[in-house]
Amino acid sequence: MSFKVLMAAAITAFSGKVLMAAAIIVLLGVVPVARVDAAASTQPLPVHLSDTGLFVKGSTTEVHPEVVSFSPQYPLWSDGAIKRRWIYLPPGTFIDASRPSAWEFPEGTRLWKEFRLERRVETRFIERLADGSWRYATYVWSEDEKDAVLASGDGIPSLALNSTEPRKYSIPSESDCRACHEGPAVPVLGFSALQLSPDRDPLAAHGESPRSDEVDLSQLIERGLVRNLPESLIKTPPRISAASPTERAALGYLHGNCGHCHTDSSDASVPIDLRLAQGVADPASSQKVLRSLRSSTAQFRLPGTTTAVPLVSPGASHDSALLMRMRSRDASVQMPPLGTAMPDSEGLALIARWIDHDMNPSTSRESTR
């Protein structure tokens, strides 16, 4: 698909997008009608990424000085894409962190996440509206990276990365974005007390040291951009409580890659009672996650069998449904169900090492606390 054709399709799709979405949502009862009304009164999304406020005027590379860069310590696996992330808060506003695991973001908050493979491929965008709801969009970069335009709300199932590369790339639909972002208590993922803690996990899968321009929790508090965080979490930066360094990294990986669906939030709608999200205000959070992993009944069955495979089989990762589903790319089996076409070898190795060694009853473990 050429860049000009993509731009024309995006503009055409959005001319009738709000009306069609409203009708479908009302008929199916997917979300409250109030959200549809709010969307109908919202200004259309900019066609060009450069008009969303990420860059200084006239540039597609120089980030606006009021936009803040950050990186989570437990990043989400996205088929090996290199990612950059930014947030913008309107002047004079701040994030209310009085609920440590469910920050309240002000109206006008904007976040961007850039995905790069051989080049910049897409930049995802979310924004908090005046009524408190959030809207989602994806901007697709041209092959020469001179511009990025709004993709259709239906997404692009197979986007060629360049004219000679056979590999295809999938652009998520708006419903895909909502499926991941609207399960937890707050739709912003990867920007939280735990993810931005200066006490970063050195064993985090795909973890990187923050760049010089990327802020952490302490810096956000110093700038007044995050307020009302309990004093205990300011004095002692949040970290995952674990019995070993490997367990800490494994629980962090599950939090970052799975916790947005497998959460305590009442909005979560998953068929298995599994809780993988870490709560920084709850000292027993890790123990609750471990109990959930051990007690949850997996519905997964190997082809041709009638017996459910244990979600986690301590000391035997090869017999654990958790690993089987993480490794599979069968659409009816894989976990997470969206966003990847390739299994994460580093993440799989970490979880397998944790199950085989740290969870093995015959293996002694030393506390890290």
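Start by selecting helix H7, residues 245-258: its 14 residues reach 20 Å from first C-alpha to last, close to the 20 Å expected at 1.5 Å a residue (the expected span is 1.5 Å times one less than the number of residues; helices are DSSP runs, H or I, of at least four residues, numbered from the N terminus). Residues are numbered from 1 along each chain as its sequence is written. This is a predicted model, where local features need pLDDT of at least 70 and side-chain atom pairs count only at pLDDT 80 or more, while totals for chains, interfaces and linings use all residues, and side-chain values use heavy atoms, leaving out hydrogens and water.

Is H7 mostly buried or exposed? Of its 14 residues, 13 are buried, so H7 is largely enclosed by the rest of the structure (buried means under 20% relative accessible area with a 1.4 Å probe, protein chains only).

Next, add H8, residues 285-295. The axes of H7 and H8, lines fitted to C-alpha atoms over the stretch in contact, come within 12 Å and cross at roughly 75 degrees. The two helices are therefore roughly perpendicular (65 to 115 degrees) to each other. Show the side chains: Glu247, Leu251 and Leu254 in H7 meet Ser286, Val289, Leu290 and Leu293 in H8.

Now click on Leu293. Beyond its neighbours within four places in sequence, Leu293 is in contact (heavy atoms within 4.5 Å) with residues including Leu274, Leu311 and Trp354.

Finally, colour the largest nonpolar core, a set of buried Ala, Val, Leu, Ile, Met, Phe, Trp, Tyr and Cys residues joined through side-chain atoms within 4.5 Å. Among its 35 residues, Leu254, Leu293, Leu322, Ile351 and Trp354 touch the most other members.

Methods:
Buried means under 20% relative accessible area, exposed over 50%, partly exposed in between (1.4 Å probe, protein chains only). Axes are lines fitted to C-alpha atoms, for helices over the stretch in contact, and angles run from 0 to 180 degrees between N-to-C directions. Angles under 35 degrees count as roughly parallel, over 145 as roughly antiparallel, 65 to 115 as roughly perpendicular and the rest as oblique.
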